[in-house]
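Welcome, and take a moment to get your bearings. Have the sequence and the 3D view side by side, and let us walk through a few places together.

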Amino acid sequence: MKAWIDGRIAGDAAPLRVSGPAFRCGMGVFETILHHGHRLPRFERHLERMRASLEYLGIGFELPGEEDLRRAVLDVALANGLSGETARVNLFCYQDSPASPASLCITAIPHVLDPDAARSLVVYPHAHVSHLCAHKTMANMHQRLAWEYARKAGVDDAVLADAGGSVLEAACAALVFSDGHGFFVSDSPYKLPSLALEAASRSLSVEPVYIGLDQLPGFKHAYWLNSLGGIQPVIRIDAVRYEPDWDTCRPLLRDLLGLDD
């Protein structure tokens, strides 16, 4: 794989000082973006979220403009033989030295869209709540461990909850629930502001409410949303099974992923 690092196409290794904050504690943020054909759905919103996190975390870096970064993404896709294809693009902005500006790295790897996918989830047994839950930090250890826990359990993703049993999100996605009449999302500041959920909320009236783990059996439908998958039905969380709502998911997924643009 070839990466775009600070304006140049390079190999798949980023130089890091072993004494620097990126190496020592994952000081940095990242975004995950769908590249489909030559389209980058919600690219501007991804950049806005990254800029907001850089400012909040005090990482000194002025992100280039949208057109410059769009060109860089297309360049790295081309360098990896993915021009016009479907790919997962990541933008990483990391602080290698407190005394110098942060670095920007862009990668692209193949990605397969599956509009017919349905998700099975497991509840991750460990809680982790902090102000950092609202940012995609490169020290993404809790979410990574939860995802690995899910994969070892033979399912797709893990439900994250706080110590009081309040559902937050999945390790890799936002979660929406429905009783068959309305759509509900966990009302908590300790989760990532999902851009897929933000876009889906233009079509769905989603109400933020408290959702406890003990309430999961009371819902009829559940939905898994992120930038690479759009919106997909959840068919199971642990032993609780949900009816897949394809009528909602299929048209909205195409809109979220820009498949008809």
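How far is the sulfur of C93 from the closest cysteine sulfur, and in which residue does that sulfur lie? The closest one belongs to C105 and is 10 Å away, so the two are too far apart for a bond. Before going further, please keep in mind that this is a predicted model, in which local features need pLDDT of at least 70 and side-chain atom pairs count only at pLDDT 80 or more, while totals for chains, interfaces and linings use all residues. Residues are numbered from 1 along each chain as its sequence is written, and side-chain values use heavy atoms, with hydrogens and water left out.

Let us stay with the cysteines. A disulfide here is a pair of cysteine sulfur atoms within 2.5 Å, and a search of the whole structure finds zero of them. C249 has a story like that of C93: its sulfur is 17 Å from the closest cysteine sulfur, in C172, which is too far for a bond. C93 is buried, with a relative accessible area of 0%, and C249 is buried at 1%. (Buried means under 20% relative accessible area, exposed over 50%, and partly exposed in between, using a 1.4 Å probe and protein chains only.)

Next, find the loop between strand 4 (86-94) and strand 5 (103-110), where D96 sits. Helices (H or I, at least four residues) and strands (E, at least two) are DSSP runs, numbered from the N terminus. D96 has a relative accessibility of 11%, so it counts as buried. Leaving aside neighbours within four places in sequence, D96 is in contact (heavy atoms within 4.5 Å) with P15, L16, R17, G20, P21 and A22. With R17 there is also a closer detail to look for: the backbone nitrogen of R17 lies 2.7 Å from a polar atom of the D96 side chain.

S100 is found in the loop between strand 4 and strand 5 as well. At 26% relative accessibility, S100 counts as partly exposed. Not counting residues up to four places away in sequence, S100 touches R17 and Q95. To relate this loop to a cysteine we have met, look across to C249: the C-alpha atoms of S100 and C249 are separated by 45 Å, and the residues are 149 apart along the chain.

Now for the empty spaces. Rolling a probe the size of a water molecule over the atoms shows where empty space is left. On a 1 Å grid over the protein atoms alone, a cavity is a set of points where a 1.4 Å probe fits but cannot get out, and a pocket is an open set with protein on both sides within 12 Å along at least five of seven lines; lining residues have an atom within 4 Å of a point. Grid points are joined across faces, edges and corners, and a volume is the space filled by probe spheres set on the points.

The second largest pocket has a volume of about 250 Å³. It is lined by 14 residues, and those closest to its centre are A14, F92, Y94, C105 and M138. Strand 1 (3-5), strand 4 and strand 5 are the elements that give two or more residues to this lining. By class, the lining has eleven nonpolar, two polar and one charged residues. (Ala, Val, Leu, Ile, Met, Phe, Trp, Tyr, Cys and Pro count as nonpolar, Asp, Glu, Lys and Arg as charged, and the others, Gly among them, as polar.)

As for cavities, there are three of 30 Å³ or more. The largest cavity has a volume of about 50 Å³, and its lining includes L168, E169, A174, L175 and L192. Strand 8 (167-170) and strand 9 (174-178) each give two or more residues to that lining. The second largest cavity has a volume of about 40 Å³. Among the residues that line it are F30, R49, A134 and L192.

To finish, visit P193, in the loop between strand 10 (183-186) and helix 5 (195-200). P193 is partly exposed, with a relative accessible area of 44%. Leaving aside neighbours within four places in sequence, P193 is in contact with R49 and A134, two residues that also line the second largest cavity.

Conventions:
Polar contact = N/O pair within 3.5 Å; in protein donor to acceptor, adjacent residues only side chain to side chain.
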